[in-house]
Amino acid sequence: MRSSDSGAVGDARSATVAVVGLGKIGLPLAVQYANHGKTVIGCDINPQVVATINAGEAHVHEEPGIAGDIARLRAVGKLSATTDTAAAVRAASVVVVIVPVMVDDRHQVDYRAIVSASQAVGAGLQRGALVVYETTLPVGTTRGLLRSTLEESSGLIAGRDFSLGYSPERVSSGVVFRDLATYPKVVGGFDDASGDAAVAFYSSVLDARITRMRSMEDAEFVKLIETTYRDVNIALANEYARFADTHGLDVTTAIAAANSQPYSHIHQPGVGVGGHCIPVYPYFLMQGAVDDDSQLTLPRRSRSINDGMADYAAERIASVVGDLNGVPALILGVAYRGNVRETAFTSARLLRDALQRRGAVVYVSDPLYSDEELRELGYEPLPAGGEARVKAIAAQAAHAEFTNLDLSAFSTCKALLDGRNVFTRDRVESAGITYLAIGDGGMETRP
């Protein structure tokens, strides 16, 4: 884009940013930008989210300090929210889109939400503006589907009338502000001028280093391979754990010893992988494979291994408890990660299904959710006094509250499978319960 197209220096829009999508990542981003001097208009299709922010309150509670920041920024006019995305974009010089893209039950990418958001952005897009997508996407999506959607909706042309960039979010829910200050910000542009504009924007709102890629496609690729690496690494750890179980070995101490060598970075095994990212983004990467039989075979196999760990956990429990038909079993934690109130692709669902296939009567307990919420999510909460009937426990989320769980209340429990290193062996066994961990050597078949 020619510099003359960028608008006058005194343009009232120059310090205004529209953030499209105010979820667990989008809202902290809006606060980050406002804390760095920008006037931020947040956009969301949920009227309750918008009303909460305009009341000076936070609907996202995991981020330390965010509630106070929102109240202060709202009071001084630096942060507002609206359901009218086009109007917000019309008033902004920079638009950051962080609307989720997920996969369906057949692992096909669902673009509907981000296409709808892009149409709304296009309806308000002004000449000289910068649009940056932070949503994780299959390689080529920004230049292809999203660029064409913006152009069709706005009547403007990327690279001539507006700048277009891609910069993947690289943060985790609960520590977004820490991650924004720590991890380099990866940026790619539609063309050189777009890349310059995106780098200039992020340099003004972030304290971390900016890593500029040669294209938007390279930037999209970065996010997919860093996430898929974690999935593959966890799958490898799970394979090591299953080997250890059949050979009387302790995988945890072996991994710790192996990782004392600086070139070894083995992750930890567990009962599965959950969340918006790791179980999802490998499928984004696979979508670009030219030949399903010869490309990305390791990520495909890793997905299968990690999703299969729930079934393996049920097998480990049955090896101690015996026939699970009619046996009351308890899953500790339905959230996909400890201390985070989010259930996206949680392994709890796979674990529940694996236990139920063996006939177990499955209950759940999660201090982050009410019994009514658990039922709405499709689980059966443990009834009051039900602890005494539970015969097996599977720890699925490492919530801090579970460290104080009174195991003596589970007077008839035979086995506790610790899928997230929540408990110590001594603590469990002192309650008269057999302690199991993935990779503790407990499936040894040697004479």
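This note comments on a helix, a surface patch and a loop residue in a predicted model.

1. Helix α13 covers residues 309-321, and its geometry is consistent with its length: at 1.5 Å a residue its 13 residues should span 18 Å, and the C-alpha atoms at its two ends are 18 Å apart, which agrees. Just after α13 comes Gly322, whose phi is positive, at about 95°.

2. The buried residues of α13 are Met309, Ala310, Tyr312, Ala313, Ala314, Arg316, Ile317 and Val321, a list in which Arg316 appears beside residues such as Ile317 and Val321. The cover over these buried residues includes the helices α9, α12 (297-307) and α14 (347-357), together with the strands β13 (392-395), β14 (415-418) and β15 (434-437).

3. Helix α9, which is part of that cover, runs over residues 216-246 and holds Ile225. Ile225 has a relative accessibility of 39% and therefore counts as partly exposed, since that class lies between the cut-offs of 20% for buried and 50% for exposed. Along with Val139 and Phe221, Ile225 makes a nonpolar surface patch of about 250 Å².

4. Arg106 lies in the loop that runs between β5 (102-103) and β6 (109-110), and because its relative accessibility is 60%, Arg106 counts as exposed. From C-alpha to C-alpha, Arg106 and Ala254 are 36 Å apart in space, while in sequence they are separated by 148 residues.

Terms used: Residues are numbered from 1 along each chain as its sequence is written. This is a predicted model: local features need pLDDT of at least 70, side-chain atom pairs count only at pLDDT 80 or more; totals for chains, interfaces and linings use all residues. Side-chain values use heavy atoms; hydrogens and water are left out. Patches are made of residues with over 30% relative accessible area and no salt bridge: like charges are joined within 9 Å, nonpolar side chains (Val, Leu, Ile, Met, Phe, Trp, Tyr) within 5 Å. Accessible areas come from the Shrake-Rupley method with a 1.4 Å probe; for residues, only the protein chains shown count as cover. A salt bridge is a side-chain nitrogen of Lys or Arg within 4 Å of a carboxyl oxygen of Asp or Glu. Helices (H or I, at least four residues) and strands (E, at least two) are DSSP runs, numbered from the N terminus. Buried means under 20% relative accessible area, exposed over 50%, partly exposed in between (1.4 Å probe, protein chains only). The expected span of a helix is 1.5 Å times one less than its number of residues. Contact means heavy atoms within 4.5 Å.
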